[in-house]
Amino acid sequence: MSVFNASRLIGKTVLVTGASAGIGAATAVLFAKGGSNVILAARRTEALKSVAEQCAKAHKESGLQQGGKFATVQLDVSDKKQVASFLDNVPEELRKVDILVNNAGFVLGVERVGDISDADIEAMFSVNVFGLIAVTQLFIKDFKARKTGHIINIGSIAGREPYAGGSIYCATKHAVNAFTGALMRELVDTPIRVTEIQPGMVETEFSVVRFRGDKSAADKVYEGLQPLVAEDIAEEIVWAASRPPHVNIAELFVLPVNQASPTINYRGGK
Ligand SMILES: NC(=O)c1ccc[n+]([C@@H]2O[C@H](COP(=O)([O-])OP(=O)(O)OC[C@H]3O[C@@H](n4cnc5c(N)ncnc54)[C@H](OP(=O)(O)O)[C@@H]3O)[C@@H](O)[C@H]2O)c1
């Protein structure tokens with residue numbers, strides 16, 4: 001028997017952006033296990049299909065009768081047209097979303113200010129900030145009209161404390177923090193909940209993307225300590241979503257035990 005009641009997730013419909021890998025994929029699978037329906041969105045359709053199969057398996061193993069409907073939708077959150085027409089590609093029975101997990105995001109490079117390409121700056125802002133805002137805007141009117149909904153934004157330790165070599169990524173995650181805080185304040189007179197999850201180091205494809213495919217550079221990020229895994233953050237997301245309707249988990253800052261800030265780590269313990 002679970003100590004915490006997750007039955008509130010049963011039959012809910014969840015949209016997870018960036019569901020093809022890492023935190024988003026683990027989150028989709030955990031919601032599936034909890035009896036939710038899940039729309040999985042990202043750019044890589046084959047990877048999405050494979051995560052949807054894991055969702056179906058997790059749901060079957062749960063033995064739950066409700067939920068268990070899964071749809072994969074190709075979506076680049078930085079493409080305004082794709083966001084605008086997104087719901088046309090979602091099966092009708094899943095169009096009333098209850099929980100939106102704005103997870104799609106990434107970092108590119110470790111260049112210092114002055115050496116950062118315009119393309120990298122635009123790419124990070126387009127996905128992490130403009131994409132997250134666009135997807136939120138797509139659903140907020142419906143949430144208000146239906147007097148329901150939960151928006152869970154994936155921020156970062158980088159949105160709390162900036163670090164050298166991460167100026168643009170940190171700026172995007174500070175923007176996520178400001179946007180999320182303002183949204184929560186705007187919605188104070190509604191039943192809509194707004195949560196920001198701020199992970200520290202999580203070993204996913206994140207660092208491989210940052211180092212443009214250089215796996216050995218990515219591995220060095222986690223050398224000598226035990227980083228979080230995607231499932232650790234998925235548990236926090238699903239926990240926040242399954243609290244009673246009058247409880248809003250505003251922020252969750254989650255670190256590996258040997259990380260205290262973006263630059264303060266203990267690497268002698270592994
Ligand atoms: N890992 C960490 O240490 C860490 C720490 C703090 C916060 N975060 C945040 O956690 C979130 C998930 O990251 P992760 O660690 O799980 O990284 P990941 O394994 O690289 O996964 C990133 C996901 O985002 C998707 N994505 C990227 N660009 C997209 C776009 N334009 N449109 C739609 N989806 C897009 C990717 O899918 P496609 O490539 O298929 O589109 C992938 O599914 C991000 O917002 C990240 O900033 C991560």
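# Helix H4 and its surroundings

Just after helix H4 comes Lys147, a residue whose phi is positive, near 50°. The model in which this is seen is a predicted one, and every angle and distance discussed here is computed from it. Lys147 is not a glycine, yet its phi takes that positive value of about 50°, and its place is in the loop between H4 and E5. Is Lys147 buried or exposed? Only 9 other C-beta atoms lie within 10 Å of its own, and because a residue counts as exposed at 12 or fewer, Lys147 is exposed.

The helix that ends before this loop covers residues 118–146, and its 29 residues reach 41 Å from the first C-alpha to the last, close to the 42 Å expected at 1.5 Å a residue. That agreement in end-to-end span should be read together with a local feature, since H4 carries a kink of about 40° centred on Ser126. The buried residues of H4 are Met124, Val127, Asn128, Val129, Gly131, Leu132, Val135, Phe139 and Phe143. Which elements do the buried residues of H4 pack against? Their partners are three strands, E1 (13–17), E4 (99–102) and E5 (150–154), together with two helices, H3 (80–84) and H5 (167–186).

Helix H5, one of these partners, can be put to the same test of length. Its 20 residues should span 28 Å at 1.5 Å a residue, and because its end C-alpha atoms are 28 Å apart, the model agrees with the expectation. In H5 the buried residues are Ile168, Tyr169, Cys170, Thr172, Lys173, Val176 and Thr180, and these pack against H4, E5 and strand E6 (193–199). H4 and E5 therefore appear among the packing partners of H5, just as H5 and E5 appear among those of H4.

Towards the start of the chain, helix H1 (22–33) offers a further case to consider. Its twelve residues reach 17 Å from the first C-alpha to the last, close to the 16 Å expected at 1.5 Å a residue. H1 is mostly covered, with twelve of its twelve residues buried; among them are Gly22, Ile23, Thr27, Val29, Phe31 and Lys33. After H1 comes Gly35, with a positive phi near 90°.

H1 also leads to the ligand. Around the ligand there are 30 residues, of which Gly18, Gly22, Arg43, Arg44 and Gly105 are the closest. Which helices each supply at least two residues of this shell? They are H1 and helix H6 (206–210), and H1 gives the most, with three residues. By chemical class, the shell around the ligand consists of 16 nonpolar, ten polar and four charged residues.

Several single positions help to relate these elements to other parts of the chain. Ala56 has its place in helix H2 (residues 45–62), and its C-alpha atom is separated by 8.2 Å from that of Val29, although the two are 27 residues apart along the chain. With 16 other C-beta atoms within 10 Å, Ala56 is partly exposed. Gly11, in the segment before E1, is likewise partly exposed, with 16 other C-beta atoms within 10 Å. Setting aside residues up to four places away in sequence, Gly11 touches Gly35, Gln66 and Gly67; of these, Gly35 is the glycine that follows H1. The C-alpha atoms of Gly11 and Glu92 are separated by 15 Å, with their positions 81 residues apart along the chain.

Farther along, Arg212 lies in the loop between H6 and helix H7 (215–221). Its phi is near 50°, a positive value in a residue other than glycine, and Arg212 is exposed, having 10 other C-beta atoms within 10 Å. Asn258, whose place is in the segment after strand E9 (251–254), is partly exposed, with 18 other C-beta atoms within 10 Å. The C-alpha atoms of Asn258 and Met201, 57 residues apart along the chain, are separated by 9.9 Å.

A record supplies one last frame for these elements. In the unreviewed UniProt entry, the annotation "domain: Ketoreductase" covers residues 12–205. In the model, the end C-alpha atoms of residues 12–205 lie 28 Å apart, and the span is 43% helix and 18% strand.

Technical notes:
Residues numbered from 1 in each chain as written. Predicted model: local features only at pLDDT ≥ 70, side-chain atom pairs only at ≥ 80, totals over all residues. UniProt positions renumbered as here; feature names shortened; annotations may be inferred. Helix = DSSP H or I, 4+ residues; strand = E, 2+ residues; numbered from the N terminus. Expected span 1.5 Å × (residues − 1). Bend = angle between axes of the 7 residues up to and from the residue. Buried ≥ 20, exposed ≤ 12 C-beta atoms within 10 Å, placed from the backbone. Contact = placed C-beta atoms within 7 Å. Near = placed C-beta within 6 Å. Nonpolar A, V, L, I, M, F, W, Y, C, P; charged D, E, K, R; others polar.
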